[in-house]
Amino acid sequence: MTAPLVVFAVGNPSRGDDAIGPVICGRLEEWLENEKLADRVELIEDFQLNVEHALDLQSRELALFIDAGENTPAPFIFAQIFPSTVPSHTTHALPPQAVLQVYRQMERSEPPPSFVLCVRGEKFELGEPLTAAAENHATLAFELLIGLCRQPMLAKWEAAATSIEQLSINSRPLET
């Protein structure tokens, strides 16, 4: 049986804050097991997204892409995404929107509703550990993720994305 929710956690644990995706994935795996929800969510961890990941979207109700982002507003962005070939906020060559586009072309149908959780990273150098700021951002993102996994419904996720976007807009300094 295919889990209704697929979560892609992208990043390289050897490159500083690029480890955010795998770190969150590890926490999520443990949490799902403890909550007896592991059969409802398939976790896919990889260094970067590839065209083959479009196959992992088959028969899903929702998809989530987790990654670190340079210059992402702190602590993270959570937004619905759609098939496209436009560049994204992540540090990887194939953005989630492109994976959705590959699915659309391959299946000749729309991919499942999809979202991105892009967590702000600060330093991405080889051999560096996760920074304290990235650890804090990952913790805040994981708190959101727990709520999303408890209610894996499109309307709830859309509402969460809208409320986070409004919070981000309202917390920006006014331009003079």
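This passage describes the fold of a predicted model, with attention to helices H1 and H3 and to a few residues with unusual backbone geometry.

The chain contains four helices and five strands. Read from the N terminus, these elements follow the order β-α-β-β-β-α-β-α-α. Of the 176 residues in the chain, 45% are buried. Contacts between residues at least 6 apart in sequence were also examined, and 76% of them join residues at least 24 apart.

Helix H1 spans residues 20-34 and comprises 15 residues. The distance from its first C-alpha to its last is 21 Å, close to the 21 Å expected at 1.5 Å a residue. The buried residues of H1 are Ile-20, Gly-21, Pro-22, Ile-24, Cys-25, Leu-28, Trp-31 and Leu-32. An α-helix has 3.6 residues a turn, so residues three or four places apart point the same way. The cover over the buried residues of H1 includes four strands, namely S1 (5-10), S2 (41-46), S3 (62-69) and S5 (114-120), together with helix H3 (132-150). Gly-26 also belongs to H1, but its relative accessibility is 33%, and Gly-26 therefore counts as partly exposed. Gly-26 lies 17 residues from Ala-9 in sequence, and the C-alpha atoms of the two are 9.4 Å apart in space. Just after H1, Lys-36 adopts a positive phi of about 60°.

Helix H3 has 19 residues and reaches 27 Å between its first and last C-alpha atoms, close to the 27 Å expected at 1.5 Å a residue. Its buried residues are Ala-134, His-137, Ala-138, Ala-141, Phe-142, Leu-144, Leu-145, Ile-146, Leu-148 and Cys-149. Ala-134, in H3, has a relative accessibility of 0% and so counts as buried. Beyond its neighbours within four places in sequence, Ala-134 is in contact with Asp-17, Ile-20 and Arg-120. Ala-134 and Val-119 are 15 residues apart along the chain, and their C-alpha atoms are separated by 7.8 Å.

The two helices pack against each other at an angle of about 40°, and their axes are 10 Å apart. H1 and H3 are therefore oblique to each other, and their crossing is right-handed. On the H1 side the contact involves Ile-20, Ile-24, Arg-27, Leu-28 and Trp-31. These meet Ala-134, Glu-135, Ala-138, Thr-139, Ala-141, Phe-142, Leu-145, Ile-146, Cys-149 and Arg-150 in H3. By character, the residues of this contact between H1 and H3 comprise eleven nonpolar, one polar and three charged.

Several loop residues have backbone geometry that merits a note. Ala-74 and Pro-75 are joined by a cis peptide bond, with omega about -5°. Pro-75 is located in the loop between S3 and strand S4 (76-81). Ser-59, although not a glycine, has a positive phi of about 65°; Ser-59 is found in the loop between S2 and S3. With a relative accessible area of 60%, Ser-59 is exposed. Arg-108 is likewise not a glycine and has a positive phi of about 55°. The loop between helix H2 (96-107) and S5 holds Arg-108, which is exposed at a relative accessible area of 75%.

Note on methods:
Residues are numbered from 1 along each chain as its sequence is written. This is a predicted model: local features need pLDDT of at least 70, side-chain atom pairs count only at pLDDT 80 or more; totals for chains, interfaces and linings use all residues. Side-chain values use heavy atoms; hydrogens and water are left out. The expected span of a helix is 1.5 Å times one less than its number of residues. Buried means under 20% relative accessible area, exposed over 50%, partly exposed in between (1.4 Å probe, protein chains only). Contact means heavy atoms within 4.5 Å. Axes are lines fitted to C-alpha atoms, for helices over the stretch in contact, and angles run from 0 to 180 degrees between N-to-C directions. Angles under 35 degrees count as roughly parallel, over 145 as roughly antiparallel, 65 to 115 as roughly perpendicular and the rest as oblique. A crossing is left-handed if the near helix is turned anticlockwise from the far one by less than a right angle, and right-handed if clockwise. Ala, Val, Leu, Ile, Met, Phe, Trp, Tyr, Cys and Pro count as nonpolar, Asp, Glu, Lys and Arg as charged, and the others, Gly among them, as polar.
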